[in-house]
Amino acid sequence: MKVTRAALPFLPLCQRLFPIPSRLAGLSVALLKATALEIAILAGHLLLYPSGITPERRTAPALPSPDAARLPTEAKPPVVLLHGFIDNRSVFLLLRRNLAQHGRQHVESLNYSPLTCDIRTAAELLGRHIEEICERTGHDRVDIVGHSLGGLIARYYVQCLGGDTHVRTLVTLGTPHSGTRVAPLMNAHPIVRQMRPGSEVIEELRTPAPGCRTHFVSFWSDLDHLMDPLETACIDHPDLLAQNVRVSGVGHLALPVHPAVAAGIRQALDIEETGVGVATQTGGLTVA
């Protein structure tokens, strides 16, 4: 009996070292599915990665024939897709196909250099691309979908460089808006340091932004292993018109790929046209 009582203080340690069956049973099936999906997506993306290294060809939208009957279609702004850290435009292969199938006639994927070391510089370059797209297409404004770091670059352009004059809606997918603490060993890279909580860039995004005209929609996942804490992928700013949509059952890499998220993105891009918020309609996205 004395031995048993003496062993009681060590039970918590033993439970951590040797998980009991109830703890094993507590492993989420959704987590296992999301992890398997992440691995499959990573493998597929590694195969597609070389195809996205070079910039895509820029072409002016085809003009309709003057003799062709004009249908009463609503002109939608171009959609610009911006990838994440150490990635390229190939990550958006399925999403851009999905958007095109649902009426988005002009979708472009932009690459920024893998040697990019400053979010501010990348945001300035993005601004020049956006101005060129507007001039080429005849639209005053565009919509942007940014994955991870791409969303942070786009937000900096909109909020700090006056990009709200050219960006109607900014959708971010797994973007560390408040900074992420994941992978501390990567702090040697300057752009990773800029994505940390308390960095100069993150603090700039906290400053007032009165009159910002862009509508923000942030998709964040409860299984995003690159967001620490998870809520860092939410936008929390008193001056911004922002909605945060929780996605359940999807990891970081799957956000720009999963069809359920693509449907949410399409809905987010139509917010201004319908006047109904995506978060109000969906209440979040759940992927079984």
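Helices (H or I, at least four residues) and strands (E, at least two) are DSSP runs, numbered from the N terminus. This is a predicted model, in which local features need pLDDT of at least 70, side-chain atom pairs count only at pLDDT 80 or more, and totals for chains, interfaces and linings use all residues. Residues are numbered from 1 along each chain as its sequence is written, and side-chain values use heavy atoms, with hydrogens and water left out.

**View 1. The whole protein, with its 12 helices and 7 strands.** Of the 288 residues here, 44% count as buried (buried means under 20% relative accessible area, exposed over 50%, partly exposed in between, with a 1.4 Å probe and protein chains only). Take the contacts (heavy atoms within 4.5 Å) with a separation of 6 or more: 81% of them are between residues 24 or more positions apart. The accessible surface adds up to about 15,200 Å², and carbon and sulfur atoms own 62% of that (areas come from the Shrake-Rupley method with a 1.4 Å probe; for residues, only the protein chains shown count as cover).

**View 2. The largest nonpolar core, 33 residues in all.** A nonpolar core is a set of buried Ala, Val, Leu, Ile, Met, Phe, Trp, Tyr and Cys residues joined through side-chain atoms within 4.5 Å. The members that touch the most others are I119, L126, I130, V142, I144, L149 and I153. At least two residues of this core come from each of β1 (79-82), α6 (119-137), β3 (142-147), α7 (149-160), β4 (167-173), α8 (190-194) and α9 (200-206). Zoom in on I153 and, skipping neighbours within four places in sequence, you find it in contact with L82, Y112, I119, A122, A123 and L126. There is also a second, separate core of 24 residues, with L173, V217, F219 and A268 among them.

**View 3. A nonpolar surface patch made by L48, L93 and L94.** The patch covers about 230 Å². Patches are made of residues with over 30% relative accessible area and no salt bridge; like charges are joined within 9 Å, and nonpolar side chains (Val, Leu, Ile, Met, Phe, Trp, Tyr) within 5 Å. L93 sits in helix α5 (residues 93-101) and counts as partly exposed, at 35% relative accessibility.

**View 4. R141, in the loop between α6 and β3.** With a relative accessible area of 23%, R141 is partly exposed. What does R141 touch, not counting residues up to four places away in sequence? The list runs P77, P78, C134, D164, T165, H166, V167, R168, R213 and T214. T214 is 73 residues from R141 in sequence, yet their C-alpha atoms are 9.9 Å apart in space. The R141 side chain also makes polar contacts (pairs of N or O atoms within 3.5 Å; within protein, one must be able to donate a hydrogen and the other to accept it, and residues adjacent in sequence count only if both atoms are side-chain atoms). One goes to the backbone oxygen of D164 at 2.9 Å, and another to the backbone oxygen of V167, also at 2.9 Å.

**View 5. T175, in the loop between β4 and α8.** Is T175 buried or exposed? T175 counts as buried, at 0% relative accessibility. Leaving out residues up to four places away in sequence, T175 touches G146, H147, S148, G151, L152, M227, T232 and A233.

**View 6. The salt bridge between R104 and D270.** A salt bridge is a side-chain nitrogen of Lys or Arg within 4 Å of a carboxyl oxygen of Asp or Glu, and the whole structure has 13 of them. In this one, the N to O distance is 3.0 Å. R104 lies in the loop between α5 and β2 (107-110) and D270 in the loop between α10 (259-269) and α11 (271-274), so the pair ties together parts that are 166 residues apart in sequence. Both partners are buried.

**View 7. D143 and R168, a salt bridge between strands.** The closest N and O atoms of D143 and R168 are 2.8 Å apart. D143 belongs to strand β3 and R168 to strand β4, 25 residues apart, linking distant parts of the chain. D143 counts as buried at 0% relative accessibility, and R168 does too at 6%. Pull back and both belong to a network of salt bridges that links K76, R104, D143, R168 and D270.

**View 8. R136 and E132, a salt bridge in helix α6.** The two residues are 4 apart, about one turn of the helix, and their closest N and O atoms are 2.7 Å apart. R136 counts as buried at 18% relative accessibility, whereas E132 is partly exposed at 33%.
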